[in-house]
Each structure stands twice: as structure tokens, then as C-alpha cells.
Amino acid sequence: MILAPVGSREWDFLPETLKKSVASPDLVPEGKTVLIPEKMWMNRFSVTPATEGEWEAHHDYYDLQLVVEREEFCLIASEADCTARGEYHANDDYRLFDGPAATACRLALRPGTMLLIAPGEVHLPGVSIGGDALPHTKIVVKIHRSLLERN
């Protein structure tokens, strides 16, 4: 997991096409934009924060979360502290969990900050801060692990 401002050196390892896109999030169109077929795409959408939701983890893809306006929490927990619900869905690369909301790490996502969630990290994005349930815009980028991990 990495939480850092957009444009900071922590993101130097990201592919250039992605760095250019997140540097100007207002230029990213609504919906899905494929950057590298089957390997990397982004989805810009409106979300209403909630007080609870679906805990999930991925096997093959990193999640890069970027809030364009307003703010939200993303909760992160160790898989050892969670209980799996059902099987892994290979076609959509996710598995759902019951997570420990009370003991999870709470990360505040604000405009200009990105969060990279690695495969296997159980997370619950889109959690309201202070009961704020106003819709906001965010971008989620899916990055196949082969683009970031060295063999």
C-alpha cells in the first residue's frame, strides 16, 4: 500500500501513460478508459460514500484510488483479520470478505492524493467521513501485477 500526493516521487515507478492521466484527473472522461488492453484501465465515476459496504481483495490487479472531489475513507485490513465470503471470482478478480471495521486502518483520501492497494490487501473503499454522504467523483485504475512486479 502506498498513500502519497499525485506527482510525488513515490509514483515514479508507474507507467508514463498513467502518470499523465492522473496528473490531470479533470480530463479523464466518465466511464472506462483502456490504457493497455487486458493490463491497465481506469474508470471515472460518481460514488456516494456509505457507512458500510463490501470488503474485497484482488489477486491479479492493483487498485489505484484517486478522489477527484470531496473525500472518503478507505479501510485496509490484514487478510488474517478477515473472514472470506464465498469463492474467488477469477473473471472479475475479486473475493469478498467480512472485515474488522473497528480495527482496520482508516486512510483519508482527498483530492490530490492517490492510494495504491496491492493484490491480497483487503480493503473497503468509499466510506463516508463524518457521515458526509454527498456524491463525489473518483477514479479507480486497475493495474495488472505484471506491469509493476519484477519476476
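Which residue lies over the face of Phe73, and at what distance from the ring centre? Arg106 does, at 5.4 Å from the ring centre. Keep in mind that you're looking at a predicted model. Here's a quick tour of its largest pocket, its aromatic rings and a few side chains worth finding on screen.

**The largest pocket**

- Let's start with some empty space: the largest pocket has a volume of about 370 Å³.
- Strands β3 (40–47), β5 (61–67), β11 (122–127) and β12 (136–144) are the elements that each give two or more residues to the lining of this pocket.
- In total, 18 residues line the largest pocket.
- To find the middle of the pocket, look for Phe45, Glu56, Pro125, Lys138 and Val140, the lining residues that lie nearest its centre.
- The lining of the largest pocket is a mix of classes: eight residues are nonpolar, five are polar and five are charged.

**Aromatic rings that pair up**

- There are two aromatic pairs in the structure.
- One of them joins Trp11 and Phe13, with ring centres 6.3 Å apart.
- The planes of the Trp11 and Phe13 rings sit at 40 degrees; that falls between the 30 and 60 degree cut-offs, so the pair counts as tilted.
- Trp11 has a relative accessibility of 1%, so it counts as buried, the cut-off being under 20%.
- Phe13 comes in at 40% relative accessibility, which means it counts as partly exposed, between the 20% and 50% cut-offs.

**Charges over rings**

- Besides Arg106 over the face of Phe73, you can look for Lys32, which lies over the face of Trp41.
- For Lys32, the distance from the ring centre of Trp41 is 4.7 Å.

**Two residues in strands**

- Arg44 is part of strand β3.
- With a relative accessible area of 11%, Arg44 is under the 20% cut-off, so this charged residue is buried.
- What does the side chain of Arg44 make a polar contact with? Its partner is the side chain of Glu30, at 3.3 Å.
- Tyr62 belongs to strand β5.
- Tyr62 has a relative accessible area of 12%, and because that is under 20%, Tyr62 is buried.
- How far apart are Tyr62 and Pro111 in sequence and in space? They are 49 residues apart along the chain and 20 Å apart in space, going from C-alpha to C-alpha.

How values were computed. Residues are numbered from 1 along each chain as its sequence is written. This is a predicted model: local features need pLDDT of at least 70, side-chain atom pairs count only at pLDDT 80 or more; totals for chains, interfaces and linings use all residues. Side-chain values use heavy atoms; hydrogens and water are left out. On a 1 Å grid over the protein atoms alone, a cavity is a set of points where a 1.4 Å probe fits but cannot get out, and a pocket is an open set with protein on both sides within 12 Å along at least five of seven lines; lining residues have an atom within 4 Å of a point. Grid points are joined across faces, edges and corners, and a volume is the space filled by probe spheres set on the points. Helices (H or I, at least four residues) and strands (E, at least two) are DSSP runs, numbered from the N terminus. Rings of Phe, Tyr and Trp (its six-membered ring) pair if their centres lie within 6.5 Å; planes under 30 degrees apart count as stacked, over 60 as edge-to-face and the rest as tilted. Buried means under 20% relative accessible area, exposed over 50%, partly exposed in between (1.4 Å probe, protein chains only). A charge sits over a ring if NZ of Lys or CZ of Arg is within 6 Å of the ring centre and within 35 degrees of the ring normal. A polar contact is a pair of N or O atoms within 3.5 Å; within protein, one must be able to donate a hydrogen and the other to accept it, and residues adjacent in sequence count only if both atoms are side-chain atoms.
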